[in-house]
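The exercises below are to be worked with the sequence and the 3D view open. Each task is followed by a solution in steps.

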Amino acid sequence: MRRERSTTWRNIASSCGIIFLTLALSACGRNMFDQPKAELYEASPYFSDGSSARPLVEGTVSRQRGSIDATYVSGQDENGLLSELPIPVSLGLLQRGQERYNIYCSPCHNYSGDGQGMIVQRGFPSPTSFHDQRLRDATVGYFYNAMTNGFGRMLSYASRIPPEDRWAIAAYIRALQLSQYATLEDVPEDIRLELLQSQGAIR
Amino acid sequence: MPQYFPPNANAFARWTVYGGILFVVLLAVSLTVFARTTNNRVRVPVEQPIAFQHSLHAGELGIDCRYCHSSVEVAAAANIPPTETCMTCHSQIRVGTPQLAGVYASWENEMPIRWNRVHDLADFVYFNHSAHIGSGVGCSSCHGRVDQMDGIWKAEEMSMGWCLECHRAPEKFLRPRSEVFNLAYEPPADQLALGHELVETYHINTEKLPQCSTCHR
């Protein structure tokens, strides 16, 4: 009886020992944490620039929405830069344009479009104000083209702003231009009074 | 068969087993703690080849996060800006200063700048920035006040337990989409009421959120 009990204990003890050894010898690999695949921005020794990301092959055609329409993407047709927006204007479009303008354009062009943004205050040469007569007369395609291909000291924003947003921004620039030359008659009648009151409150 | 061990060897064997069990428990506990803390260099500045200051660019100058991390709303990754983005301003500003030598070298040699990674999730976690932003998770909820950081560091531990704090109760952390990029956002006093409302509005599936396959595939 006593003999049997001690054998049982010994069996348990030796199984525990084996489990320990297995745990200890197997070690903890972290190969699932860092799998043999190229994650974004992962370095790669295979390419001369050391990056696993490859540039697009020349002549690659984007399948992005609207990219089939050459006029929409380039902002030009056979008569030159487009003078009309290629998409319908809506409040949503202008709001989108405002948001994108404030992100990408306001650092230099300022929120009002006068070209005195924060980066200009820190030494970047001032861009022409959107309220300058030359730019008031410019076509909407002119702004789209500047965003797409860059203009003067401004680099292209094509890699950061997709075409639909560039059109939205172009539409919003038009709205900004209107805003600086607006009269009371341009304000819808139902909010005219409210506007006057708020101005009175400021004065 | 003669007896090899004296009777008191039984007690010794018994205690070895108890000790063994204790060892397994302690090992499990310490491995868990290790797995949760390892590689989580929270609030430790990561050295970078160029001393870029978020506190200047995002803080003082007030440049929107998306000016540089432009893919964050539409892609899984918030992109590290290419050198071209730096050059948008630095083709004119502080040209030739030693602090920016790395930027100009990268631009001229067409070699990407080798930034050091700050956040590195395990490869079996499929994190998606755009999904979080669309659901009203603010940048600062996970990345802290980046606009006040001179260098750059991880603000939160980014462990699975930490992720689940929100995945189990998103209403405690969500904010309106319009405030996602506002790093100075403070949650209102009635956060829970707002949070429940946002969960409804943004169609957040709270049942699916804490499940394994939401993040692991």
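**Exercise 1. A network of salt bridges**

Task: In this predicted model, find the residues that are linked with Arg100(A) in a network of salt bridges, then examine the pairs Arg96(A)–Glu99(A) and Arg100(A)–Glu73(B).

Solution.

Step 1. The network links Arg96(A), Glu99(A), Arg100(A) and Asp165(A) with Asp64(B), Arg66(B) and Glu73(B).

Step 2. Take Arg96(A) and Glu99(A), whose side chains form a salt bridge at 3.5 Å, N to O. The two are separated by about one helical turn, because they stand 3 residues apart in helix α3 of chain A. Arg96(A) is partly exposed at 34% relative accessibility, and Glu99(A) is partly exposed at 33%.

Step 3. Take Arg100(A) and Glu73(B), whose side chains meet in a salt bridge at 2.9 Å, N to O. Arg100(A) belongs to helix α3 of chain A and Glu73(B) to the loop between α3 and α4 of chain B, so this pair joins two chains.

Step 4. Compare each partner with the cut-off: buried means under 20% relative accessible area. Arg100(A), at 3%, counts as buried. Glu73(B), with 24%, is partly exposed.

**Exercise 2. The interface of the two chains**

Task: Describe the contact between chain A and chain B by its area, its residues and its polar pairs.

Solution.

Step 1. Start with the area. The size of an interface is often given as the accessible area lost when the parts come together. Chain A and chain B bury about 3700 Å² between them, with 59% of that on carbon and sulfur atoms.

Step 2. List the residues on each side: chain A gives 42 residues to the contact and chain B gives 42 residues.

Step 3. Look for paired charges. The interface holds 3 salt bridges. One of the salt bridges in the model joins the side chains of Arg122(A) and Glu60(B) at 2.7 Å, N to O. Across the interface there are also 12 residue pairs in polar contact, both residues at pLDDT 80 or more.

Step 4. Assign the side of chain A to its elements. Two or more residues each come from α1 (2–26), α3 (91–104) and α5 of chain A. The largest share, 10 residues, is given by α1(A).

Step 5. Sort that side by residue type: 20 are nonpolar, 8 polar and 14 charged.

**Exercise 3. A helix under cover**

Task: Decide how many residues of helix α4 of chain B are buried, and say what covers them.

Solution.

Step 1. The helix spans residues 83–90 of chain B, and 7 of its 8 residues are buried.

Step 2. The buried ones are Thr83(B), Thr85(B), Cys86(B), Met87(B), Thr88(B), Cys89(B) and His90(B).

Step 3. Their cover includes elements of both chains: α5 (118–121) of chain A, and α2 (54–60), α3 (65–68) and α5 (101–109) of chain B.

**Exercise 4. Two loop residues**

Task: Are His131(A) and Ile80(B) buried or partly exposed, and which residues do they touch?

Solution.

Step 1. His131(A) sits in the loop between α5 and α6 (133–137) of chain A. At 12% relative accessibility, His131(A) counts as buried.

Step 2. The side chain of His131(A) reaches the backbone oxygen of Ser112(A) at 2.7 Å. Beyond four places in sequence, the contacts of His131(A) include Gly113(A), Asp114(A), Arg136(A), Leu176(A) and Tyr181(A).

Step 3. Ile80(B) sits in the loop between α3 and α4 of chain B. With a relative accessible area of 36%, Ile80(B) is partly exposed.

Step 4. Leaving out residues up to four places away in sequence, Ile80(B) touches Tyr41(A), His69(B) and Trp115(B). The C-alpha atoms of Ile80(B) and Trp115(B) are 8.7 Å apart, although 35 residues separate the two in sequence.

**Exercise 5. Cysteines**

Task: Find how many disulfides the structure holds, and why Cys166(B) does not bond to Cys142(B).

Solution.

Step 1. A disulfide is a covalent bond between the sulfur atoms of two cysteines. A search over all chains finds 0 disulfides.

Step 2. The cut-off for a disulfide is a pair of cysteine sulfur atoms within 2.5 Å. The cysteine sulfur closest to that of Cys166(B) is in Cys142(B), 7.3 Å away, which is too far for a bond.

How values were computed
Residues numbered from 1 in each chain as written. Chains lettered and ligands numbered in written order. Predicted model: local features only at pLDDT ≥ 70, side-chain atom pairs only at ≥ 80, totals over all residues. Heavy atoms only, no water. Buried < 20%, exposed > 50% of the residue type's maximum accessible area, 1.4 Å probe, protein only. Helix = DSSP H or I, 4+ residues; strand = E, 2+ residues; numbered from the N terminus. Contact = heavy atoms within 4.5 Å. Buried area = accessible area lost by both parts, 1.4 Å probe. Salt bridge = Lys/Arg side-chain N within 4 Å of Asp/Glu carboxyl O. Polar contact = N/O pair within 3.5 Å; in protein donor to acceptor, adjacent residues only side chain to side chain. Nonpolar A, V, L, I, M, F, W, Y, C, P; charged D, E, K, R; others polar.
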